[in-house]
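Open the model in your viewer and keep a selection panel at hand. The stops below go from one group of strands to another.

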Amino acid sequence: MEEFGSQEIKDNNTAEENAAQNEVDADNQAEASESEEQASDVKNDGDGEKKTSILNEILEIFESVVISVFVVLLIFTFVARPVTVQGRSMCPTLDNNDKLIMRMLFYTPQVGDIVVVENEKSHTLKQGTDEVVEGTGLKKRLIKRVIAVGGQTIDIDFNTGAVTVDGKVLDEDYIADYTNYNAKGFEYPVTVPEGYVFVMGDNRNDSTDSRDGRVGFVKEEDVLGEAIVRFYPFDKFKLLD
């Protein structure tokens with residue numbers, strides 16, 4: 001009797017222990033499941049933050065590229081731009097296919113400057129008068145040197161090749177040869193009208209410039225800018241003066 005009753009009590013205790021263990025196992029499984037869900041949420045949050053970070057970097061790069069392009073366009077439109085020499089009219093200072101930087105912003109032509117000019121129209125004088133006559137130009141851009149500006153009087157002795165501005169003979173160490181070529185665009189001496197400049201190429205006997213009636217005086221507004229640097233060929237890099 002006692003043994004049977006003891007066995008029954010033992011069996012009851014075992015059942016209670018098993019039930020308690022099952023409850024513990026169920027709690028552990030629930031906690032594990034909850035931990036897995038939390039880990040999954042953390043992973044998803046991390047992936048979302050990573051994607052957002054990459055998107056922000058892409059947007060920043062795009063913004064930087066747009067700003068850089070805008071600045072370059074602004075510089076080339078208003079400040080400076082590259083130009084290429086075509087022909088040999090500026091030898092020995094510049095040669096065919098030399099590449100230069102031309103500055104434009106707030107530029108006023110000065111004697112001695114190397115300039116790029118627009119030659120859509122020519123400007124000469126009506127014979128025997130100081131009246132400026134507009135004609136048809138070469139319809140292309142020219143690169144020349146400013147010899148005289150508005151109000152100055154230029155004289156050229158085509159026999160000796162001497163160029164005189166306001167009574168002073170110019171010391172032209174930049175020219176290829178003396179100025180012996182007369183294109184007969186003007187009778188000298190001639191005074192440059194205000195608002196115009198007189199230009200010539202450094203290769204004086206192989207240059208179409210203000211001596212030629214197809215160019216004549218150049219309006220200051222038709223001077224596009226001053227060539228300040230030769231950057232190509234690289235071995236001939238030079239600041240121009």
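**Stop 1: the hairpin**

Select residues 121–125 and 132–136: these are strands β4 and β5, which pair in the antiparallel sense over five bridges. The model is a predicted one. Within this pair, pick His-123; its bridge partner in β5 is Glu-134. Next, show the link from β4 to β5: six residues lie between the two strands, which form a hairpin. Stop at Gly-128 in the turn, where phi is positive, at about 80°.

**Stop 2: the open sheet**

Now select β9, β8, β7 and β10, in that order: they make up an open sheet of four strands with antiparallel pairing. Which are the edge strands? They are β9 and β10 (190–191), each of which pairs on one side only.

Colour β7, residues 153–157, together with β10: the two run antiparallel and are joined by two bridges. Select Ile-154 and look across to β10, where Val-190 stands opposite. While side chains are displayed, recall that in a regular strand they alternate between the two faces of the sheet.

**Stop 3: the loop between β8 and β9**

Select 162–165 for β8 and 168–169 for β9, then the loop between them, which holds Gly-167. Is Gly-167 buried or exposed? Gly-167 counts as exposed because its relative accessibility is 68%, and the cut-off for exposed is over 50%.

Finally, add Thr-153 to the selection and draw a distance between C-alpha atoms: Gly-167 and Thr-153 are 14 residues apart along the chain, and their C-alpha atoms are separated by 7.9 Å.

Terms used
Residues are numbered from 1 along each chain as its sequence is written. This is a predicted model: local features need pLDDT of at least 70, side-chain atom pairs count only at pLDDT 80 or more; totals for chains, interfaces and linings use all residues. Side-chain values use heavy atoms; hydrogens and water are left out. Two strands pair if DSSP finds at least two bridges between them. Buried means under 20% relative accessible area, exposed over 50%, partly exposed in between (1.4 Å probe, protein chains only).
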